[in-house]
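Biologist: Please take a close look at a single part of this model. I would like to know how the part is built and what it touches.

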Amino acid sequence: MKPKQTMDTSPGTVGEGLRQRGVTRREFLKFCTAMTGMLALPPSMAKVMAEAISKARRQSVIWLSFQECTGCTESITRSHSPTLETLIFDLISLDYHHTLQAASGAAAEHAREQAMKDNDGKYLLIVDGSIPMGNPGYSTIAGISNYDMLVETAKGAAAIVAVGTCATYGGIPKANPNPTGAVSVADIIKDKPIINVPGCPPIPVVMTGVLTHFLTFGNIPELDALGRPKAFYGETIHDRCYRRPFYDQGKFAETFDDEAARKGWCLFKLGCKGPVTYNACATTKWNEGTSFPIESGHGCIGCSEPNFWDAGPLYKALSMPVSATGSMLGAAAAAGAAAGVAVTWYNRSTKAQAKAAHAKVTVQELTREEK
Amino acid sequence: MNHLDLLTFARGSALNWALIIFVAGVVLRFFEIFGLSRKTDLARPRTDSPGSGWRTMFTRSIPPQGMLKREPVTYIAGYVFHLGLFLAIFFFAPHIEFFRSITGLTWPALPSALVDASVVAAIVALAVLLAHRLNNPVKRMLSGFGDYLAWTVTLLPLLTGYMAYHHLMLEYTLMLSLHIFSVELLLVLLPFTKLFHTFSVFVSRWYNGDFFGRKGVAS
């Protein structure tokens with residue numbers, strides 16, 4: 001039997017689909033208004049977005065999962081369910097996603113090939129997980145190495161969305177000593193527009209925002225130097241954190257459960273990486289806007305930054321040395337002392353030599369210079 | 001290498017090496033200074049002035065009568081700069097965390113806004129002192145490469161720290177890395193330049209006070 005997903009490759013416009021599901025125009029406009037806000041677009045764009053998305057055909061999406069933990073999929077499909085984030089899945093036609101699709105084995109792979117054929121040059125490729133370059137056998141799907149599958153599927157894609165820190169920057173699999181030789185999507189694919197949506201996992205609404213932007217404008221949002229949409233990754237967690245005023249006042253929690261922590265004081269001393277982490281957690285928050293890690297009492301670990309796992313201990317303040325210790329400095333002082341003794345000995349022997357070489361002059365030896 | 005990798009390097013092996021050179025250099029210099037020693041002065045002191053050296057260590061911090069009026073820029077800007085730098089180094093919360101991680105000691109921090117103001121004051125004072133050094137013929141004649149080098153490597157950490165805090169010019173993580181690198185440059189150069197006065201100032205003041213006391217000149 002043909003898998004359901006392949007039958008959805010061109011099922012009419014999004015507007016028709018939404019009406020069939022009983023989504024009113026008012027609800028849809030509210031969604032578009034929220035999205036324009038998220039994407040930092042002028043409010044007038046909400047109506048334009050609604051019109052554009054309603055008329056658009058459901059976007060074919062192929063989702064490839066490589067060296068990953070499925071946390072990204074969990075994040076996107078579950079945390080906001082069943083609200084706007086599931087609604088956005090009505091806007092797309094998810095043709096291949098080996099965690100979510102019903103089909104398996106050859107049928108599943110057939111779904112991917114069919115979607116690639118039917119929507120050549122138009123489908124959106126979403127990737128989560130890093131790609132092992134050490135040995136193709138480290139991670140395969142249906143006997144196809146991650147590298148081969150990525151290169152083959154990327155060929156006909158309109159754009160690629162790398163979801164999660166593994167796909168965007170290598171993530172945990174790439175952490176030192178990187179046993180699988182893990183690399184990111186952008187390390188392999190050079191000729192396609194790539195939108196990086198990092199995070200471990202990324203915020204669902206960021207993912208939704210990127211898809212909405214693509215559906216509305218038919219292109220990718222403005223990206224920063226690391227390929228991230230500026231609308232979501234433009235500011236640091238620290239700069240938008242509700243605990244920021246306490247940082248400025250010099251009020252810090254010393255432990256995770258002291259009085260200061262309960263008062264909501266800054267977690268900088270407990271190792272919070274908010275000052276160097278660019279993400280939207282502090283503004284969009286998680287779990288239907290409930291809270292974000294810092295609000296739950298734990299410092300930011302910087303999971304959306306490249307190589308965050310190797311960026312020093314998670315519980316050391318950002319201003320602390322990564323590895324310098326008192327004993328290291330003690331050894332340096334001892335070495336300095338030893339060198340000092342050597343220099344002193346040299347200086348004193350030079351002095352003694354000069355003294356020994358000093359020839360005394362008597363009055364008789366002096367001669368008056370004739371003017 | 002992305003900005004976070006650069007920061008990790010700045011906080012990691014770069015900092016380790018800078019600290020090792022700094023600590024070893026300071027100890028080496030002290031051995032060198034004390035080890036060289038002076039000949040014992042066998043002459044009877046002209047005036048009996050016990051504690052002259054110890055007193056001078058502190059009295060030299062106060063301008064002698066009339067000098068404040070004669071050299072107001074040197075004294076006032078000098079005070080403002082040193083005080084501003086001291087507050088920025090030792091009373092900014094992230095800096096205290098740095099010292100805590102190495103020494104285990106901790107003390108209360110000042111609010112960031114106050115530290116910020118003291119950094120601005122220190123930077124302005126440094127600029128004023130440079131202008132004065134260049135415009136005053138005596139100072140200009142006395143100044144050499146070492147003086148301008150010391151001025152530059154002292155300004156850089158203040159400037160990069162200020163710019164990082166206020167998100168100016170460069171991206172924060174990159175600017176923070178540059179701030180740490182500038183501190184590392186300062187640490188590496190400190191034992192071997194005029195900046196060593198940070199450690200030797202009170203030693204030399206004691207020596208001068210004692211020496212002049214014996215000569216019956218001043219204390």
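Modeller: The answer below takes chain A as the part, from its overall form down to single residues, and brings in chain B where the two meet.

This is a predicted model, in which local features need pLDDT of at least 70 and side-chain atom pairs count only at pLDDT 80 or more, while totals for chains, interfaces and linings use all residues. Residues are numbered from 1 along each chain as its sequence is written, and chains are lettered from A and ligands numbered from 1 in the order in which they are written.

Start with the overall form. Chain A has 17 helices and nine strands (DSSP runs numbered from the N terminus, H or I of at least four residues for helices and E of at least two for strands). The radius of gyration of chain A is 31 Å, well over the 21 Å of the globule rule for 371 residues, so chain A is more spread out than a compact globule (the radius is taken over C-alpha atoms, and the rule is 2.2 Å times the number of residues to the power 0.38). Along its principal axes, the C-alpha trace of chain A spans about 125 × 50 × 50 Å. Buried residues make up 42% of the 371 residues (buried: 20 or more other C-beta atoms within 10 Å; exposed: 12 or fewer; partly exposed: in between; C-beta atoms are placed from the backbone). Of the contacts in chain A with a separation of 6 or more, 74% are between residues 24 or more positions apart (contact: C-beta atoms, placed from the backbone, within 7 Å).

Next come the domains. Chain A is divided into domain 1 (4–232) and domain 2 (238–310), with bounds from an automatic or database assignment. The centres of these two domains of chain A, taken over C-alpha atoms, are separated by 28 Å. Their contact takes 18 residues from domain 1 of chain A and 15 residues from domain 2 of chain A. On the side of domain 1 that touches domain 2, α9 (164–169) and α12 (204–217) of chain A each supply at least two residues. That side of domain 1 of chain A has eleven nonpolar, six polar and one charged residues (Ala, Val, Leu, Ile, Met, Phe, Trp, Tyr, Cys and Pro are nonpolar; Asp, Glu, Lys and Arg charged; the others, Gly among them, polar).

Chain A also meets chain B. In this contact, 41 residues of chain A face 38 residues of chain B. Both α14 (244–249) and α17 (326–357) of chain A give at least two residues to the side of chain A that touches chain B. The largest share of that side, 15 residues, comes from α17(A). By class, the side of chain A that touches chain B has 23 nonpolar, twelve polar and six charged residues. As for the partner, chain B has eleven helices and zero strands. The C-alpha trace of chain B spans about 65 × 40 × 35 Å along its principal axes, and 30% of its 219 residues count as buried.

Now the interior. The largest nonpolar core has 126 residues, and those with the most contacts inside it are Leu125(A), Val127(A) and Ile160(A) (a core is a set of buried Ala, Val, Leu, Ile, Met, Phe, Trp, Tyr and Cys residues joined through C-beta atoms within 7 Å). Its largest share, twelve residues, comes from helix α2 (residues 13–36) of chain B. Domain 1 and domain 2 of chain A each give this core at least three residues. Leaving aside residues up to four places away in sequence, Ile160(A) touches Leu125(A), Val127(A), Ala154(A), Val185(A), Ile189(A), Lys192(A) and Ile194(A).

Some backbone details remain. Most residues other than glycine have a negative phi, and most peptide bonds are trans. In chain A, a cis peptide bond joins Asn176(A) and Pro177(A), with omega about 10 degrees. Pro177(A) sits in the loop between α10 (171–174) and β8 (182–183) of chain A. Another cis peptide bond joins Cys200(A) and Pro201(A), with omega about 0 degrees. The loop between β9 (194–197) and α12 of chain A holds Pro201(A).

Ala142(A), a residue other than glycine, has a positive phi near 50 degrees. Ala142(A) is in the loop between β5 (140–141) and β6 (144–145) of chain A, and it counts as exposed because it has 12 C-beta neighbours inside 10 Å. Lys285(A) also has a positive phi, near 60 degrees. It is found in the loop between α16 (281–284) and α17 of chain A. Lys285(A) has 16 C-beta neighbours inside 10 Å, so it counts as partly exposed.

Conventions. Contact = placed C-beta atoms within 7 Å.
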